[in-house]
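Visitor: I am new to this structure and should like to understand the terms used to describe it. May I put some questions to you once it is in view?

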Amino acid sequence: MTDPFTLTITPSTHDLGGFSVRRTLPSRPRTMVGPFIFVDQFGPAQLAPGAGMDVRPHPHINLSTVTYLFGGAIDHRDSLGTFARIEPGAVNLMTAGSGIVHSERSPADERAAGAVMSGMQTWLALPEALEETDPAFEHVPAANLPLIDGEGVTARIIMGALWGRRAPTTCHAETIYADIQLARGAAVPIDAAADERAVVVALGDASLDGQPLDRHSLYLLKPGLPMTLRSISGGRIMLLGGEAFASPRHVWWNFVSSRRERINQAKHDWKEGRFPTVPADADESIPLPEVPLTISHP
């Protein structure tokens, strides 16, 4: 049996108090898959009554963040004056470009019973020509994302084109991103067109061309080969990837850039208070860390 993988990345796990975050990118063996440079899965977890998530205002440059939920809800606010509540099946795409600040918090109604935390947050590096583009925010409701449904398979296309359908979500580089739900015994083909592809089993179980997949690990797929995902008892799998970048990206904390000096400038700007503030959430912020959890591995 041919091994369909070129690399398997086991996640690092961080306990954020009541729920865990599992990170597969960036990692020492691999920094990017297509434009994806950061891949986190958080939860699933049910927090205690009154508890919720509070990610205080913090900055980003030269990237786009993509938030996608399996359960619960998150209120997004940013320095553009945006307020958007994201719920399961919708997508929040925030393009930092030259610089943006945002916060993410559990809504008050979610906190009352104890917030549900379950979903994915990923970052996409921007092409060099667009790294300093104007900041922007885009919310795409679940109803506007293509849904492939049949034979025990439900697949929502979050970004890019798959299975003959294309999501309306803005792509700054060629990107594929999909949420695939398989019922017991169901299977689905995986398109082979993208330069780079990876899968992550978020929930349940799955195999790829007969090879079982460990939950939460990221599997980089061999290029150009059609493959089939299958589940024995039911599973939820994220497919991600896109065009290969010709130049490397550096990551330090919340900053991504093709230039180390740009990241150093962003560090200084945040420390000196030169980023914009979030109008409805300006009373607190996350300070610049001495040693961040997220850093590129040259």
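Visitor: How many salt bridges does a search of the whole structure find?

Guide: The search finds 13 salt bridges. This is a predicted model, in which local features need pLDDT of at least 70 and side-chain atom pairs count only at pLDDT 80 or more, while totals for chains, interfaces and linings use all residues. Residues are numbered from 1 along each chain as its sequence is written, and side-chain values use heavy atoms, with hydrogens and water left out.

Visitor: Why is the pair of Asp 179 and Arg 236 called a salt bridge?

Guide: A salt bridge is a side-chain nitrogen of Lys or Arg within 4 Å of a carboxyl oxygen of Asp or Glu. Between Asp 179 and Arg 236 the N to O distance is 2.8 Å, so the pair meets the definition. Asp 179 lies in strand E17 (residues 175–182) and Arg 236 in strand E24 (residues 235–242), so the salt bridge ties together parts that are 57 residues apart in sequence. Helices (H or I, at least four residues) and strands (E, at least two) are DSSP runs, numbered from the N terminus.

Visitor: What makes Asp 179 buried?

Guide: Buried means under 20% relative accessible area, exposed over 50%, and partly exposed in between (1.4 Å probe, protein chains only). Asp 179 has a relative accessible area of 1%, and therefore counts as buried. Its partner Arg 236, with 13%, is buried as well.

Visitor: Are Glu 132 and Arg 259 buried or partly exposed?

Guide: Glu 132 has a relative accessible area of 34% and is therefore partly exposed. Arg 259, with 31%, is also partly exposed. These two residues form a salt bridge, their closest N and O atoms being 3.1 Å apart. The pair links distant parts of the chain, 127 residues apart: Glu 132 is in the loop between E11 and strand E12 (136–140), and Arg 259 is in the loop between strand E26 (255–257) and helix H2 (260–271).

Visitor: What makes E1 and E22 a pair of strands?

Guide: Two strands pair if DSSP finds at least two bridges between them. Four bridges join strand E1 (residues 5–9) to E22, in the antiparallel sense, so the definition is satisfied. In E22, Tyr 219 is the bridge partner of Thr 8. Three bridges join strand E19 (residues 196–204) to E22, again antiparallel, and Ala 198 stands opposite Leu 220.

Visitor: How do you know that both faces of E22 are covered?

Guide: In strand E22 (residues 218–221), Leu 218 and Leu 220 on one side and Tyr 219 and Leu 221 on the other are all buried. In a regular strand the side chains alternate between the two faces of the sheet.

Visitor: Why are E5 and E8 called edge strands?

Guide: The open sheet of four strands has the order E5-E10-E7-E8, with antiparallel pairing. E5 and strand E8 (83–86) are its edge strands, as each pairs on one side only.

Visitor: Which element gives the largest share of the lining of the largest pocket?

Guide: That share, five residues, comes from E5. The lining divides into 15 nonpolar, nine polar and five charged residues. Here Ala, Val, Leu, Ile, Met, Phe, Trp, Tyr, Cys and Pro count as nonpolar, Asp, Glu, Lys and Arg as charged, and the others, Gly among them, as polar. A pocket is an open set of points on a 1 Å grid over the protein atoms alone, where a 1.4 Å probe fits, with protein on both sides within 12 Å along at least five of seven lines; lining residues have an atom within 4 Å of a point.
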